[in-house]
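Could you walk me through this structure in my viewer, telling me what to select at each stop and what I will find there? I would like to begin with the aromatic rings and then move on to a sheet.

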Amino acid sequence: MASNPWKTLFHQLGMGTENALDIVRSRAQEKLHPEVHLHVIAYRGFATTLSQGWQGSLSGRVLRYRQPSLPGTSTLWNNLMDSYARFATDEVPGVTVRGCVGSVQTESVTDAEGYFQLDFDMRGTTESGSSIPVEITLPGFSTLKVDGDPFINLPDTAARFGVISDIDDTLLITNATSLKQMMRLTLLESATTRLAFDGVAEFYQALHERGNPFFYVSSSPWNLYEFLTDFMRLNHIVPGPLMLRDFGIDETKFIAGSHHEHKLKQIRSVMDMYPTLPFILCGDSGQDDPEIYASITDEYPDQVKTIYIRDVSDEWRNASIQRLVEHLKQKNVDMLLVPDTLAAATHAAAQGFIHADALPAIEQGVHAQKTSSQP
């Protein structure tokens with residue numbers, strides 16, 4: 001306990017130094033290089049339907065623009081340079097960001113790390129089950145580039161359930177249990193060369209039928225947002241809001257903060273926004289997904305339908321997961337430790353979450369990847 005004051009002081013000093021340096025650097029850049037464009041990266045948001053209208057938000061980040069590698073130049077060197085560029089960002093604090101949906105405008109000011117959030121209260125509108133475009137401008141700046149996903153997802157009122165999914169080793173083959181392999185894939189591969197798990201695109205498309213909404217929760221940093229959304233688009237994975245985390249120093253986290261607490265907080269935010277919507281939770285056994293999802297089930301017992309856990313770990317880990325399986329059985333919630341996507345899809349079809357007609361396409365996707373991975 002005696003070390004806590006020193007830890008708090010270190011956080012405060014670190015945050016103060018980082019914020020001051022960001023502001024000084026930004027002001028110097030404005031004076032020395034006014035021709036440099038600003039780069040807005042919009043993170044897809046989500047909203048909930050009100051009795052008359054909807055309410056939701058969209059966040060993002062403002063950076064100084066850096067020219068990416070040319071298309072078609074996916075060499076190890078270019079991939080490494082692109083990876084470096086994702087983290088060596090030049091944030092722009094104190095900039096007003098304006099968002100417009102139709103005739104309604106809202107504004108936000110970027111914080112010390114360039115982040116902003118635009119909140120919308122759209123009473124009197126009738127949109128439902130749509131991806132609502134948001135026009136983003138920076139008042140006072142004409143040279144800007146907007147990337148990412150400037151949209152707010154509004155789930156269809158006819159949705160039967162939502163899906164909350166992890167990304168690493170659930171969708172994207174990452175080998176997160178091996179630091180060496182994970183770093184090699186992250187730094188030396190591109191969105192075009194990274195692999196999705198077998199049949200996951202077909203399975204998620206089947207779950208998405210009739211507009212069931214998707215949400216993706218990951219401990220990956222926001223710096224990887226465009227990489228992850230490019231990967232999902234190239235692999236035809238259902239789009240949805242990504243809830244990532246910031247890598248930095250502030251009063252509540254050191255460097256990356258808690259993986260466990262980050263995921264719990266983000267999943268709770270989704271559950272709380274849609275209190276009448278049940279959810280299917282998808283994750284993997286490599287990190288804490290089983291424990292996190294079991295905690296969520298304890299907190300929201302009426303909102304969790306089923307939990308699918310991709311088995312990517314060793315036998316000793318499976319034994320601890322089995323104890324969670326037995327615990328959740330008492331709450332009438334299935335947690336399945338599955339060897340592949342087809343096993344999860346077969347259960348989903350039996351439960352009526354997807355049509356049985358979707359199984360052949362999912363099986364074909366599983367078979368195709370297994371065949372291509374053979375020597």
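Start by selecting the rings of Phe, Tyr and Trp in this predicted model. Counting pairs whose centres lie within 6.5 Å, you arrive at 13 aromatic pairs.

For a first close-up, pick Phe-161 and Phe-353. Their ring centres are 5.9 Å apart and their planes meet at 65°, so this pair is edge-to-face, the label for angles over 60 degrees. Now show the backbone around them: Phe-161 sits in the loop between strand E9 (151–154) and strand E10 (162–165), while Phe-353 belongs to the loop between helix H9 (341–350) and helix H10 (359–372). The pair thus links distant parts of the chain, with 192 residues separating the two. Are these two residues buried or exposed? Both Phe-161 and Phe-353 are buried.

Next, select Phe-203, Tyr-204, Phe-214, Tyr-216 and Tyr-308, and you will have one aromatic cluster on screen.

Now switch to the cartoon view for the sheet. Select strands E4, E3 and E7: in that order they make up an open sheet of three strands, paired antiparallel. Strand E4 (104–109) and strand E7 (135–137) are the edges; each has a single partner strand, so one side of each lacks a neighbour in the sheet. Look along the sheet for its twist, which averages 20° from one strand to the next.

Finally, zoom in on strand E3 (residues 96–101) beside E7, where three bridges join the two in the antiparallel sense. Which residue of E7 is the bridge partner of Gly-99? Select Ile-136 to see that partner.

Terms used: Residues are numbered from 1 along each chain as its sequence is written. This is a predicted model: local features need pLDDT of at least 70, side-chain atom pairs count only at pLDDT 80 or more; totals for chains, interfaces and linings use all residues. Side-chain values use heavy atoms; hydrogens and water are left out. Two strands pair if DSSP finds at least two bridges between them. Helices (H or I, at least four residues) and strands (E, at least two) are DSSP runs, numbered from the N terminus. Axes are lines fitted to C-alpha atoms, for helices over the stretch in contact, and angles run from 0 to 180 degrees between N-to-C directions. Rings of Phe, Tyr and Trp (its six-membered ring) pair if their centres lie within 6.5 Å; planes under 30 degrees apart count as stacked, over 60 as edge-to-face and the rest as tilted. Buried means under 20% relative accessible area, exposed over 50%, partly exposed in between (1.4 Å probe, protein chains only).
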